[in-house]
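Colleague: Got a minute to walk me through this one? I'd like to start with the ligand and then go on to the helices and loops.

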Amino acid sequence: SLVTSGHLRHVESMAQLPSGAGKISHLNAVILGEALASEENDLVFPSPEFSAQALVSSPEQYQQMYRRSIEEPADFWSDIASQFFWKEKWHPEVYAENIDVRKGTVKIEWFKGATTNICYNALDRNVEAGNGGKIAIYWEGNEPGQDGQLTYAELLDKVCQLSNYLKHVGVGKGDAVVIYLPMLMELPIAMLACARIGAVHSVVFAGFSAESLAQRILDCKPKVVITCNAVRRGPKTIHLKEIVDSALTDCAKDGVSVGLCLTYENQSAMEREATKWQEGRDVWWQDVVPKFSTKCLVEWVDAEDPLFLLYTSGSTGKPKGVLHTTGGYMVYTATTFKYAFDYKPSDIYWCTADCGWITGHSYVTYGPLLNGATIVVFEGAPSYPDSGRCWDIVDKYKVSIFYTAPTLVRSLMRDGDEYVTRYSRKSLRVLGSVGEPINPSAWRWFFNVVGDSRCPISDTWWQTETGGFMIAPLPGAWPQKPGSATFPFFGVLPVIVDEKGNEIEGECSGYLCIKKSWPGAFRTLYGDHERFETTYFKPFPGYYFTGDGCSRDQDGYYWLTGRVDDVINVSGHRIGTAEVESALVSHPQCAEAAVVGVEHEVKGQGIYAFVTLVEGVPYSEELRKNLILAVRNQIGAFAAPDKIHWAPGLPKTRSGKIMRRILRKIASRQLDELGDTSTLADPSVVDQLIALSDR
Ligand code: ATP
Ligand code: MG
């Protein structure tokens, strides 16, 4: 059967572990009689008090629920789905899928035939349940002291007004709307307003250039673009409207003219008088939206009607336009949010991601609001006015669940503990990480310093494509291992396959695939179903291929090792970039590292490491040697970097991920083949690195 193969056996043996055995954070635990030497294999147990109050409080309970989710997926998910409002129930089946390209077109459907509305479930349902007075959003502006808030009832009113306005200007079911807004409350409001009337939103991160925005507008041909005149991010003012103007001009040249640009006047950044304006096309939000009724009937849509379109981060190349539908996404984001963060109605939840990324869709907006949670939306930059800002916000709103990315953890760690310890952080109860593998040393800092060795960390592995968490700890159930995303979420059946696509069992490493569909899965790449099949379903027929490398240890824990394209083969040893980077970052003077493979005459591939140092530390020959030594000691001589390249800054996507494909080109001096750099946060880093190549 499905469950006796692969990791469930491990899950079963893990169940024999002493759960809740106290706060052991630096002790090497003994598992199944086998002492684990490496520090990476430390087990960190949730405290007994935490486990006792948790939604899932033991490995056995997880195992029982997981088993049912795999053996009886239809029953498992329809029980959960019944907690939501459906105008009509699904029929005839809970789900239908073909993910095997050899059997024909790939097709995934959940709750097909049912009608519902995700905005209704997130807002009206909570208001009708008597929670209209509960705070839905605490908004924190760029400047300390600048803030706002909305209750569920107030949020519903604002959403309805915008929905009515959009309907008034002719936006209807199935029409696309592009949203290019910073983290104002108006961003989730705009998303929900689209969802309410069945329009398909395409949020574009408001840090993207005019060119990237134009590309996305050309792709979905929206009736309306929603933006604001300007925003302040840290000490800088960014004129968003001017970027939109230039994107719209370019689009018109390519035959796509957008007739309406709804512009929110963000007074704290810029006065309306100073804003460039195109009469006839541009409309001030504040002039029109408040005139509309605060009541707006819901458009009931099929569970399989599209909800939104969103592009991947572009870490590996040209971004892919991922399409998500309504019903399955709703059920999946709500359920993953609830369990992975052990959510309770009294929690105050803050996710630092921008709504321009999938994390902001699933875990700023939809997942939390579907649970009736109170969320914090932060407009500013996490180190403005100084590196203590996050903890200032945590104390101000009594944040209990804090979800962020390794890139932020590493940068705050580099700035020093004093910025953290200055604040109380007593309200914190669960921490979370997403976006890249989190290095064990960064994990420990996050756990020990930020969470005072008290808060479990949910290291959530997932993708724009997956809609929600796929591999993530249930914080009260599992002892954690720093750097491992632990075990699969309910209904997710991960497998590790070799180059030929054969499943490998037990302790192993290879390519991470998923064996069956889950409700939150994307349904296609917008306008390109063929690329959808080629990219994700053809590499290993019969599976969804994630593009990520992964290993499973002797206890069944999953460790993401980076993208498969990034795996380096040194004299026949397959080495994941994440492992080498972790070893480098464990050196106290190394703040960040990015490792790529380069051609090597003898070894096939050699290891080339870019390193960023802790603030104020000079790069020296001695440090170079010590960094190499750190890798030799922790992994082995075969993984020792052949070259260390000092990098004051690394090329990152705008979501903060390291773009290794550019580093590969720099390392192998193929400077005319840098490829698409439009999703880089700071393109000048590239020239700086090239200039430092020969040091
Ligand atoms: P593109 O697909 O355009 O190259 P991307 O893969 O960076 O961009 P996302 O969908 O935002 O776009 O990111 C998903 C990827 O991020 C995963 O495939 C994985 O490589 C990485 N990732 C996310 N969370 C984790 C995590 N907790 N641990 C390890 N890796 C993670
Ligand atoms: Mg990807």
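Modeller: Sure, here is a short tour in that order. It's a predicted model, where local features need pLDDT of at least 70, side-chain atom pairs count only at pLDDT 80 or more, and totals for chains, interfaces and linings use all residues. Residues are numbered from 1 along each chain as its sequence is written, chains are lettered from A and ligands numbered from 1 in the order in which they are written, and side-chain values use heavy atoms, with hydrogens and water left out.

Colleague: Okay, which residues come nearest to ligand 1?

Modeller: T312, S315, T316, T464 and K657, out of 21 residues around ligand 1. A residue is near if one of its heavy atoms lies within 4 Å of the molecule.

Colleague: And what's the mix by class in that shell?

Modeller: Around ligand 1 there are five nonpolar, nine polar and seven charged residues. Ala, Val, Leu, Ile, Met, Phe, Trp, Tyr, Cys and Pro count as nonpolar, Asp, Glu, Lys and Arg as charged, and the others, Gly among them, as polar.

Colleague: What does the side chain of T464 do there?

Modeller: One of its N or O atoms is 2.6 Å from an oxygen atom of ligand 1. That's a polar contact, meaning a pair of N or O atoms within 3.5 Å. From the backbone, G435 puts an N or O atom 3.0 Å from a ligand nitrogen, and a polar backbone atom of E436 is 3.4 Å from a nitrogen of ligand 1. The protein covers 94% of the 630 Å² of accessible area that ligand 1 has on its own (Shrake-Rupley method, 1.4 Å probe).

Colleague: Switching to helices: how do α14 and α16 cross?

Modeller: The axes of α14 (residues 406–415) and α16 (residues 440–450) come within 10 Å and cross at roughly 70°. Axes are lines fitted to C-alpha atoms over the stretch in contact, with angles from 0 to 180 degrees between N-to-C directions. Helices are DSSP runs of H or I, at least four residues, and strands are runs of E, at least two. The pair is therefore roughly perpendicular, a label for 65 to 115 degrees.

Colleague: Which residues meet there?

Modeller: V409, R410, L412 and M413 from α14 meet S441, A442, W445 and F446 from α16, where contact means heavy atoms within 4.5 Å. By class that's six nonpolar, one polar and one charged.

Colleague: Now the loops. Where are the cis peptide bonds?

Modeller: One runs from H91 to P92, with omega near -5°, and P92 is in the loop between α4 and β3. Another joins Y384 and P385, with omega about 0°; P385 is in the loop between β19 and α13.

How values were computed: A polar contact is a pair of N or O atoms within 3.5 Å; within protein, one must be able to donate a hydrogen and the other to accept it, and residues adjacent in sequence count only if both atoms are side-chain atoms. Angles under 35 degrees count as roughly parallel, over 145 as roughly antiparallel, 65 to 115 as roughly perpendicular and the rest as oblique.
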